[in-house]
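Thanks for making time this morning. I would like to walk through a few backbone details together, and I ask that you keep the viewer open while I talk.

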Amino acid sequence: MIRTTFLLILLSTFTSWALAQDNYTLSGYISDENGEMLIGVNIFVSGTSLGTVSNTYGFYSLTLPKGTYTIAFSFLGYETQQTEIQLKSNIKFNVSLKPETKEIKEVQITAERKDKNIQEVRMSNITLQAKTIQKIPNLMGETDIIKSIQLLPGVQTSVEGSSGFYVRGGNADQNLVLLDGATVYNPSHLLGFFSIFNGDAIKNVELFKGSIPAEYGGRLSSVLDVRMKEGNTHKIHGSAGIGMISSRLLFEGPIKKEKVSFLLSGRRTYTDLFLPFARDTVARESKLYFYDINAKINYIIDDNNRVFVSGYFGRDVNVFAELFQVNFGNATTTIRWNHIYNGRIFSNLTFIYSDFDYNLGVPQGKTGFKWLSHIIDIGFRNDYNYYINSNNNLKFGIQLTHHTIKPGMTEEVSEESYINSIKLPDAHSIESAVFLSNEQHISSRFSAQYGLRYSLFQNIGSATLYGYDENYEVNDTTLIPRGEIFNTYGNLEPRLGLRFTLSEKSSVKAGYNRMAQYLHLASNSTATFPLDMWFMSSPNVKPHLVDQVGLGYFRNFRNNTIETSVELFYKKMRNTIDFKDHAMLVPNTFLEGELRIGTTSSYGIELMIRKESGKLTGWVSYAYIHTRRHIPEINRGREFPPPYDKPHNISFVAQYEINKKFDLSVNWVYSSPNPVTVPKAGYYYGEIWVPEYSYRGGVRIPGTAYHRLDFSFNYNFLISRLESNLNLSIYNVYNRHNAFAVYFRDKSLRRDTSQPENSGSNVEVIKLYLFPIVPTLTFNIKF
C-alpha cells in the first residue's frame with residue numbers, strides 16, 4: 001500500500017509536468033463583498049468536467065491549454081459569477097462574490113455546479129457555515145459549534161449538556177480540535193456546558209470523520225478545523241448581542257483600506273453580577289463567569305504575500321466562596337504567511353502557540369491547597385499546494401511541535417494547611433511529520449486522492465523513567481538528563497480516497513486512513529472536565545494506532561438541491577488505553593502503572609438527507625455505531641462497550657425562512673441509553689454502603705434513552721437602519737428529564753415507598769438530570 005501510493009504520486013507528477021509545457025494558469029483569491037476569503041468555492045470550466053476548489057485561504061489555481069473559456073465561480077449562498085477568459089498567458093484574476101438575493105434564489109442558474117458532494121473525492125467530511133450554526137437552537141441561546149456538530153451522523157455526546165464529542169467509536173481525546181491551525185486541548189466553558197467558540201468571530205467549520213487528508217495527524221478519530229474571520233477590508237463593521245447569561249461584541253474593519261484589516265470580538269457571562277444580591281452567604285461570596293477574546297490582523301503586502309496574526313484568549317472563573325475554586329483557560333496564537341511563488345505554487349508558513357492551564361483548590365483552612373497544571377505547544381508548519389494542472393493538485397509539507405506537559409503541582413495556601421506540597425515531573429517531547437499527497441482526476445468518472453504521512457515522536461529529558469514488573473509495581477528507576485532524547489516512535493500513515501461517478505447525480509466513494517496518536521487523556525468520566533490530565537507516549541505507553549476503511553454511496557435529487565448519502569465504516573484501534581478499577585489518576589507519579597492496554601473495534605452505518613438551499617433547509621440523519629473494547633486485564637477478559645457507546649442516534653434539524661422578517665428553527669435528537677456498570681449487590685462497612693459491581697457496561701438502564709426537542713424563532717427588523725434581530729430559543733421543549741448521571745443505593749434507604757421496587761436486587765437506580773425546559777431571549781444588532 002505505502003510503496004504503491006508513493007509511486008503513484010511520483011508517476012502522476014512527472015507525467016503531468018511533461019504534458020503541461022504549453023498550458024497556462026488562471027489563479028487568484030476569491031472573497032465576499034467584505035474582503036473575507038471564501039473556502040471551498042467551486043471553480044469550473046462551463047460545459048466540461050474540468051475545475052478546482054479554493055483552498056483554506058481562498059486561493060485557487062486552474063491550468064488549461066491555450067484558448068478561450070467561460071469560467072464559473074459558484075458558492076452556496078452567493079451569486080454564481082461567469083467570466084470569459086482568453087487564456088494565452090498566465091493570468092491573476094481575483095473574484096468577489098455577491099450574496100444571493102431572494103430573487104436570484106427563485107431563478108434556476110444553469111451554470112452553477114451544485115453537485116460538489118458527488119464530484120469531490122473526499123467522503124466522511126462535512127462543512128458548516130457560520131450562518132447555519134447561528135440559527136440552530138441551543139442551550140441558553142448561545143451559538144455553539146460543538147453542540148451543532150453533535151447533530152451530525154457519527155458524532156455522539158456522552159451526557160446532557162457536555163461539549164465533549166465522540167466520533168465513530170473514538171474517545172473524546174482522539175479528536176483534533178484546531179482554531180486557525182492551533183490545537184485547542186479543552187474546547188469547553190462552564191465545566192463542559194458551552195464551547196469556547198464565539199460564533200460571531202467564526203467563518204467556517206469543517207469536520208473530518210474518515211478519509212482524513214495527509215496534512216492532518218496526531219489524533220485517531222476526527223479533525224475539527226475551525227477558521228476565524230479575517231476582518232472586513234472595506235469598511236468598519238460591528239455586531240453585538242445581549243442574552244440571558246452573556247453578551248457579545250465584535251468590531252472589524254480596515255486599518256488601511258483593502259490593505260490591512262482587523263477583527264476584535266469578546267464575550268462574557270454575567271451571572272456573577274447578580275450573586276451579591278443572593279440571600280445565601282456562600283452565593284454572595286462566589287464568582288461564576290467565563291469570557292472569550294478573539295483577535296486577528298490581516299495584512300495584504302502585495303498580490304503574492306499576505307500575513308495573518310490571530311489569537312484566542314478565554315478563561316473560566318468558578319469560585320465557591322471559601323469552599324472551593326476551579327479556574328481554567330485556553331490561549332492560542334497563530335502567525336501565518338501566505339506566499340504565491342507563481343500561479344501554481346502556494347505556500348503557507350505558520351507559527352503556532354497553544355496553552356491550556358487549570359488550577360483548583362480550597363482557598364483556606366486545614367484542607368487548603370492549590371493545584372496547578374499546564375500543557376503548552378510551540379510549533380510551526382510549512383505547507384505547499386502545487387497545482388500541476390487541472391487534473392492534479394499536489395500537497396506536501398513539514399510540521400513540528402514541541403510539547404510541554406506540566407501535569408500538576410500542589411501548593412500550600414496557609415500555614416495551618418496539612419496538605420503537603422507535591423510536584424509531578426514535567427514531560428517534554430517533539431512531534432514532527434512530513435506529508436505528501438495528490439488529488440488526481442484520472443478520467444471524467446474516476447478520481448483518486450492518495451498520500452503518505454510519516455510522523456515521528458521523541459521523548460526528551462529531563463525525566464524520570466520508571467520500569468514496571470508484571471504486577472505493575474515499580475522495579476527500576478532511570479534518570480534522564482536534560483535535553484536527551486530517550487525514546488522514539490515513528491509511524492507511516494498512508495491515506496487513500498477513491499471516487500467513481502455513476503451518473504451526474506450519483507457516485508460511489510471509498511476511503512482508507514491510518515492515524516497515530518502520541519498524546520493521551522487520563523479521565524474516568526464521560527464528560528470532558530478541565531481536571532482531566534494529558535500525558536505522553538513513552539517507553540511504557542505505546543502510541544494509539546487506527547486503521548479505518550469506509551464505503552459510501554451519494555445521490556442527489558431535485559436538480560441537486562437534496563443530497564443523500566449512505567456510509568459504512570470499520571475501525572480497528574490498537575494500544576487502547578483504559579484504567580484499572582479504582583485507579584488513582586491525579587496526583588499520581590506512577591500513573592503509567594494504572595494503565596491497561598488492549599484494542600478497540602468499531603463499525604457502523606450513517607445515513608443522511610440534507611437540503612442547503614431554498615426557504616426550508618436542514619438535514620435528517622441516522623447512525624448505528626457498534627463499539628467494543630477488549631483489554632485482557634479488565635472486565636475478566638471480556639469485551640465491553642465504552643461508557644459513551646450509544647448504538648442508535650437520530651438527528652432532525654430544520655430551518656425555515658417564513659419571509660424576510662421571520663424565520664424559525666427546530667431540532668430533535670435521540671440516542672440510545674449509555675452502558676453503565678451496575679452493582680449486583682452491596683454490603684455495609686460500618687454505616688457506609690459498599691456496592692459490588694457486575695461486568696463493565698453490562699446494562700443499559702430502561703428509561704435513560706436521550707431525546708430532546710429544541711425550538712427557536714427569529715424576528716428580523718431595523719432600528720435606525722441597523723439590522724436587528726430578536727431570538728427566542730426554547731431548549732428541551734417537552735421538558736424531558738434526560739439523565740446527566742446515575743448512581744445506586746440500597747433500597748432500604750428509599751424514602752418514596754410509592755415507587756415500585758426492582759425485584760431480585762437490593763440495589764436502586766437514582767437518575768440525576770440537569771435541564772428542564774429552558775426558554776431564553778437574545779437581542780442582536782449589526783452596525
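I will begin with one sheet and then turn to some backbone torsions, and please bear in mind throughout that this is a predicted model.

The sheet I have in mind is an open one, in which five strands run in the order β9-β16-β17-β12-β13 and the pairing is mixed. At its edges stand β9, residues 125–129, and β13, residues 182–183, and because each has a single partner strand, one side of each is left without a neighbour in the sheet. Further in, β16, which covers residues 202–208, pairs with β17, residues 222–228, in the antiparallel sense, and six bridges connect the two. If you want a place to look in that pairing, go to F208, which stands opposite V223 in β17.

Now to the torsions, beginning with omega. The peptide bond joining G461 and S462 is cis, with omega at about 15°, and S462 belongs to the loop between β29 (446–460) and β30 (463–468).

As for phi, which residues other than glycine take a positive value? One of them is Y472, with phi near 65°, and its place is in the loop between β30 and β31, the latter being residues 474–480. N635, also not a glycine, has a positive phi of about 65°, and lies in the loop between β39 (616–630) and β40 (648–657).

Are these two buried or partly exposed? Y472 has 25% relative accessibility and therefore counts as partly exposed, whereas N635, at 10%, counts as buried, since the cut-off for buried is under 20%.

Note on methods:
Residues are numbered from 1 along each chain as its sequence is written. This is a predicted model: local features need pLDDT of at least 70, side-chain atom pairs count only at pLDDT 80 or more; totals for chains, interfaces and linings use all residues. Side-chain values use heavy atoms; hydrogens and water are left out. Two strands pair if DSSP finds at least two bridges between them. Helices (H or I, at least four residues) and strands (E, at least two) are DSSP runs, numbered from the N terminus. Buried means under 20% relative accessible area, exposed over 50%, partly exposed in between (1.4 Å probe, protein chains only).
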